[in-house]
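Please open the model in a viewer and keep the selection tool at hand. The tour proceeds by selections, each followed by a description of what is found there.

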Amino acid sequence: MLSSQTEKIPANIKRLLAPHGIGYRIKLLSQLLGRRFQEQLDPYKLTPFHWVVLCCLWQEDGQATSSIGDRLQQVGGTLTGVLDRMSDRGLIRRERDVQDRRIWRIWLTDAGRQLEQILPPLAVKLRETALQGVPYPEREHFSDIIDRIIANLSNSAPVTHPDGWSALLAPHNLGYRIKIIAQLGTRRFQERLDPYQLTPFHWVVLCCLWQEDGQATSEIGEKLQQVGGTLTGVLDRMCERGLIRRKRDVQDRRIWRIWLTEAGEQMQITLPPIAMSMLQTMMVGISSEEQEALSDWVNQAIVNLSAA
């Protein structure tokens with residue numbers, strides 16, 4: 001019989017813990033959007049990072065590599081290999097700037113321009129799948145809250161997005177902005193965890209065990225995989241830190257179960273206030289009613305994309 005600690009955790013704390021916390025769920029939504037979009041791009045042998053480059057150039061051809069690199073970096077990508085592959089595919093060409101030979105500019109080829117008729121409808125289809133069941137007026141409100149969270153996490157003013165065709169493209173489309181929140185949120189949370197030599201993936205493991213100690217490694221692995229993590233190295237480091245211990249299941253010796261140590265249990269006092277501080281930073285200027293609505297919209301999108 002596994003020990004469950006759920007009853008010991010106050011509701012205001014439990015809502016901060018993975019997988020219930022809004023940060024975890026936004027990260028999960030971002031992962032699902034990325035996977036579903038990749039599935040749609042597979043027939044064209046492209047990735048979401050190629051999509052970002054194309055979006056940049058459809059809106060302004062001949063951009064410097066540094067400008068495109070900034071867009072990719074916002075969502076966790078780099079220029080490494082991306083432009084090479086697109087050049088090999090005949091989608092772009094690189095030329096030196098005529099006034100400053102140190103600068104390389106990226107230009108669309110005819111093949112790259114032709115994809116402008118093919119790929120944006122795929123992005124629209126994905127958006128409609130994710131937001132199925134969410135009324136159109138609420139979608140506008142959802143978009144507005146997303147922009148305010150990005151502004152809070154980046155210490156900047158909310159961005160005004162164009163109407164019409166450009167609104168479907170990165171950096172304006174919903175999928176790109178959800179990815180930005182996931183990236184910014186992870187970085188800001190990591191900064192808060194650095195003094196404890198922990199990562200957001202360690203946080204997920206601890207959250208799982210605070211709610212139900214003695215879980216199988218496979219159960220914890222599923223939670224990490226949902227948000228882009230793996231068990232590789234995570235449990236080893238936590239064992240070395242004395243936060244958890246591994247023990248074979250008494251009924252099935254093939255199964256390893258993970259148990260909190262006293263040090264791991266004590267982290268339940270230390271880390272949730274940090275998560276609360278992170279949540280407060282994200283939600284500056286966003287009312288409790290709006291936060292509830294955001295939670296509902298994110299849940300709906302996760303359900304829609306999981307069933308797709």
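**The second largest pocket**

Begin by selecting α2, α9, α10 (200-211), α13 (262-282) and α14 (288-307), each of which supplies at least two residues to the lining of the second largest pocket. The model in view is a predicted one. Of these helices, highlight α2, whose 6 residues are the largest share of that lining. The second largest pocket encloses about 680 Å³ of space. To centre the view, pick Leu16, Gly21, Ile22, Gly23 and Tyr24, the closest to the pocket centre among its 32 lining residues. Colouring this lining by class gives 19 nonpolar, 9 polar and 4 charged residues.

**The largest pocket**

Move next to the largest pocket, with a volume of about 960 Å³. Select His172, Asn173, Leu174, Gly175 and Tyr176, which lie closest to its centre out of 41 lining residues. Then display α2 (22-41), α3 (48-59), α7 (119-130), α8 (136-154) and α9 (174-193), the elements that give two or more residues to this lining. By class, the lining of the largest pocket comprises 22 nonpolar, 9 polar and 10 charged residues.

**The sheet**

Which order do the 3 strands of the open sheet follow? Their order is β1-β3-β2, with antiparallel pairing. Select β1 (63-64) and β2 (92-96) to see the edge strands, each paired on one side only. Add β3 (residues 104-108), which pairs with β1 over 2 bridges; within β3, Ile106 is the bridge partner of Gln63. Finally, show α3 again: this helix packs on the sheet and touches β1, β2 and β3, its direction making about 85° with that of β3.

Note on methods: Residues numbered from 1 in each chain as written. Predicted model: local features only at pLDDT ≥ 70, side-chain atom pairs only at ≥ 80, totals over all residues. Heavy atoms only, no water. 1 Å grid on protein atoms, 1.4 Å probe; cavity = no way out; pocket = protein on both sides within 12 Å on 5 of 7 lines; lining within 4 Å. Points joined across faces, edges and corners; volume = space filled by probe spheres on them. Helix = DSSP H or I, 4+ residues; strand = E, 2+ residues; numbered from the N terminus. Nonpolar A, V, L, I, M, F, W, Y, C, P; charged D, E, K, R; others polar. Pairing = 2+ DSSP bridges. Contact = heavy atoms within 4.5 Å. Axes fitted to C-alpha atoms, helices over the stretch in contact; angles between N-to-C directions.
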